[in-house]
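Here's a quick tour of the backbone oddities and one of the sheets in this protein. Have a look at the model first, then read on.

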Amino acid sequence: MAPAGSRTTPGFPARNLPNLQVLSPGLFWKWAFLPAISFMIPSIPKDFQWIPCENCGSDSFDRVVSRDPSAVVRCKSCGLEFINPLPEEDYLASLYQSEMQGKNDTGPYFKEYIEDRSRNARSYEKIYFKRMELIEGFVPAKGALLDLGCGAGFFLDFAKKRGWEAHGLDILPEYIDLARNQLGLDNVHCSRLEEMDFPENRFRVVTLWDLIEHLRHPLDYLRRINRIMEADGKLVIWTPNTRNAAYLRDRWTGYGPRQHLYFFSRDTLGPLLQKAGFQPAYWQTTKTKKGMFIPQDSLTFQKIVKPASRWGRIVFSMKRDLNNFINPMTYLSPVMDELGFGFNLLVVAVKSRPLSPDACNS
Ligand SMILES: [Zn+2]
């Protein structure tokens, strides 16, 4: 229930309006006053839609931060954070295409991503190795693995080489071309999960690396995943962690990317997983140092270009090591990660109950 005095009508971000009950106890004043302040009420931007909370259905929110032309809100009932009004699917698809195919100094972003993955292949392989070791600790044997939002397929390629039957989906055609033609992956499709007709109980493991924050309806999506997973199958999700915003709050870098629609913590992702028929079995947060004190407008997340000369690189490394040595966060960060404040949130969840077909059409 919304607290007395708060406005929850679509189009009224709760914090933005005066508390009418404080201003005037009687109905007369409310009706007399509303037209006078109507010019203050923000209209819903084109291509955007007001939605209730995906987790609990409440329509009462606090504004966390403005993100033109919309805002990040926090559900007053369950704490889930998301963009409201929410962009329409077509708007998001064109945003994704333009951001990935759009050009910066060095070319389209997707090319930069591919070059980065190729140039730093050994670093990424270490990451993939850790991920697969973790996953394989939860399953009795290797089987069919589906990576949703698989990008150009580098993680899938690694999984395939370890003996997994690797499947992937992404909506950027350039990624799927590369996955097929350069990495030789067969089971990758330029498609959304909703458009595929995977049979029930098809996959032993489903992974979402940096995907769930991009979805318009994550609960519906998780329910679809439940349907195509084996009994006792494992779902792995990696996403930015809102508890990392404890210090920076509205300036937290996780709120920045325009493609991010939902913002989770263990407290809000856990209930969503349970509603979709999953039981979280393992939580981890990492890189507190990366996000906790680095605001959105900082340049720290931009790619670091190392000097070309050998001596330049040595001096660069010494400076970096010295900075790390004197920075207290170097020592505090692992503790903060353990306490759940890391920038990245990782969960391994077990399919604990099958859902009926109707549950995916809610
Ligand atoms: Zn809620």
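## A sheet and some unusual backbone spots

In this predicted model, four strands form an open sheet in the order S2-S3-S4-S13, with antiparallel pairing. Its edges are strand S2 (61-67) and strand S13 (262-263), each of which pairs on one side only. S2 and strand S3 (residues 70-75) run antiparallel and are joined by six bridges. One of the bridge partnerships is Arg67 with Ser70 in S3.

The loop between S2 and S3 holds Pro69, and the peptide bond joining Asp68 and Pro69 is cis. Another cis bond links Asn84 and Pro85, with Pro85 sitting in the loop between strand S4 (81-83) and strand S5 (86-87).

Here are the omega values for the cis bonds:

| Cis peptide bond | Omega |
|---|---|
| Asp68 and Pro69 | about 5° |
| Asn84 and Pro85 | about 0° |

Now for positive phi. Asn201 isn't a glycine, yet its phi is about 55°. You'll find Asn201 in the loop between strand S10 (188-190) and strand S11 (203-209). Is Asn201 buried or exposed? Asn201 has 15 other C-beta atoms within 10 Å, so it counts as partly exposed.

Arg249 also isn't a glycine, and its phi is about 50°. Arg249 is in the loop between strand S12 (229-240) and S13. With 11 other C-beta atoms within 10 Å, Arg249 is exposed.

Zooming out, the protein chain has twelve helices and 15 strands. Of its 362 residues, 31% are buried. Among contacts between residues at least 6 apart in sequence, 67% join residues at least 24 apart.

Conventions. Residues numbered from 1 in each chain as written. Predicted model: local features only at pLDDT ≥ 70, side-chain atom pairs only at ≥ 80, totals over all residues. Helix = DSSP H or I, 4+ residues; strand = E, 2+ residues; numbered from the N terminus. Buried ≥ 20, exposed ≤ 12 C-beta atoms within 10 Å, placed from the backbone. Contact = placed C-beta atoms within 7 Å. Pairing = 2+ DSSP bridges.
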